[in-house]
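Got your viewer open and a selection box ready? Follow along with this tour, one pick at a time.

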Amino acid sequence: MRKLWLVALLFLVVACGGTSSTSASPEQPEGSPSGAGVDHPSRPPVQPPGTATGAPSGTPSPVTPAGLTLNPHTVPWESATPADDGRSLDIVWWSGVEPCNVLDHVEVTETAREVTVTLYEGQDRRSPDAVCIAIAVLKTTKVHLKAPLGGRKVVDGAK
């Protein structure tokens, strides 16, 4: 019984006090933002909450597209809020943590009737073997429009 307690205590110490297995690269100082992105192909993707009940709450973390991620794929977003002047949208979505989930780029297609916004996330190319915790993170990015939104409908290109 004593050995079992020692093993459990050792596991707890390692889990709580372990150091990160990834380090900053010379071109990316440690602690600086890297964007947002994609799940590692060998792990299932982090699933965002499906309903408002049970969804984590909080203020979205602002991110900007990093580009050149590994395995970029579309990600559905939760809301698109137009700015007061109607020339930009604040897009909010659920994602995973960096470097496993990094915003690669945003595609915006504008027509006379609608604006389609498609988010793409991928894994940070500088951390291809990173292991990330499976936790939902609320993120936001600003999208600029060519023309004011007006009465046009905003559509999620990932749905």
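Which residue forms a salt bridge with Lys 142? Select Lys 142 and Asp 90 together: they are the two partners, with their closest N and O atoms 2.9 Å apart. Keep in mind as you click that this is a predicted model. Lys 142 sits in strand E7 (residues 137-144) and Asp 90 in strand E4, so this salt bridge ties together parts of the chain that are 52 residues apart in sequence. Color by accessibility and both ends come up as partly exposed: Lys 142 has a relative accessible area of 43%, and Asp 90 has 28%.

**Zoom out to the whole chain**

Switch to cartoon. You should count one helix and eight strands, running α-β-β-β-β-β-β-β-β from the N terminus on. The chain has 159 residues, and 33% of them are buried. Draw the accessible surface and you get about 10,100 Å², with 60% of that belonging to carbon and sulfur atoms. If you like contact maps, try one here: among contacts between residues at least 6 apart in sequence, 80% join residues at least 24 apart.

**The four-stranded sheet**

Now select E1, E7, E4 and E3. In that order they make an open sheet of four strands with mixed pairing. Strand E1 (61-62) and strand E3 (79-82) are at the edges, each with a single partner strand, so one side of each has no neighbour in the sheet. As a reminder, strands of a sheet pair through backbone hydrogen bonds, either parallel or antiparallel. Hide everything but E3 and E4 (residues 88-95), and you're looking at an antiparallel pair with four bridges. Within that pair, find Ala 80: opposite it, in E4, is Ile 91.

**Ile 91 and the core around it**

Stay on Ile 91 and expand the selection to its contacts. Leaving aside neighbours within four places in sequence, you pick up Trp 77, Ser 79, Ala 80, Val 117, Leu 119, Lys 139, Thr 140, Thr 141 and Val 143. Ile 91 also belongs to the largest nonpolar core, which has 13 residues. The members that touch the most others are Trp 77, Leu 89, Ile 91, Trp 93, Val 115, Val 117 and Leu 119, so show those as sticks or spheres. Two elements give two or more residues to this core: E4 and strand E6 (114-123).

Next, move to another core, which lies apart from that one and has five residues, among them Cys 100, Ala 130, Cys 132 and Val 137.

**The disulfide**

Which two cysteines in that selection are bonded to each other? Cys 100 and Cys 132 form a disulfide, with their sulfur atoms 2.2 Å apart. A search of the whole structure turns up one disulfide. Cys 100 is in the loop between E4 and E5, and Cys 132 is in the loop between E6 and E7, so the link joins distant parts of the chain, 32 residues apart. Check the torsion about the S-S bond: it is about 85°, so the disulfide is right-handed. Cys 100 is buried, at 1% relative accessible area, and Cys 132 is buried too, at 16%.

**Back to the salt bridges**

The structure holds three salt bridges, and you opened with one of them. Select Glu 110 and Arg 152 for another, with an N to O distance of 3.0 Å. Glu 110 lies in strand E5 (residues 102-110) and Arg 152 in the loop between E7 and strand E8 (153-156), so this pair ties together parts 42 residues apart in sequence. Glu 110 is partly exposed at 23% relative accessibility, while Arg 152 counts as buried at 13%.

Then pick Arg 126 and Asp 124, a salt bridge whose closest N and O atoms are 2.9 Å apart. Is Asp 124 buried or exposed? Asp 124 is buried, with a relative accessible area of 6%, whereas Arg 126 is partly exposed at 29%.

**Last stop: Lys 153**

Finish in strand E8 by selecting Lys 153. Lys 153 is exposed, with a relative accessible area of 54%. Beyond neighbours within four places in sequence, its contacts are Arg 113, Glu 114 and Val 115. Measure from its C-alpha to that of Glu 110 and you should read 9.9 Å, for two residues 43 apart in sequence.

Notes
Residues are numbered from 1 along each chain as its sequence is written. This is a predicted model: local features need pLDDT of at least 70, side-chain atom pairs count only at pLDDT 80 or more; totals for chains, interfaces and linings use all residues. Side-chain values use heavy atoms; hydrogens and water are left out. Two strands pair if DSSP finds at least two bridges between them. A salt bridge is a side-chain nitrogen of Lys or Arg within 4 Å of a carboxyl oxygen of Asp or Glu. Buried means under 20% relative accessible area, exposed over 50%, partly exposed in between (1.4 Å probe, protein chains only). A nonpolar core is a set of buried Ala, Val, Leu, Ile, Met, Phe, Trp, Tyr and Cys residues joined through side-chain atoms within 4.5 Å. Contact means heavy atoms within 4.5 Å. Accessible areas come from the Shrake-Rupley method with a 1.4 Å probe; for residues, only the protein chains shown count as cover. A disulfide is a pair of cysteine sulfur atoms within 2.5 Å.
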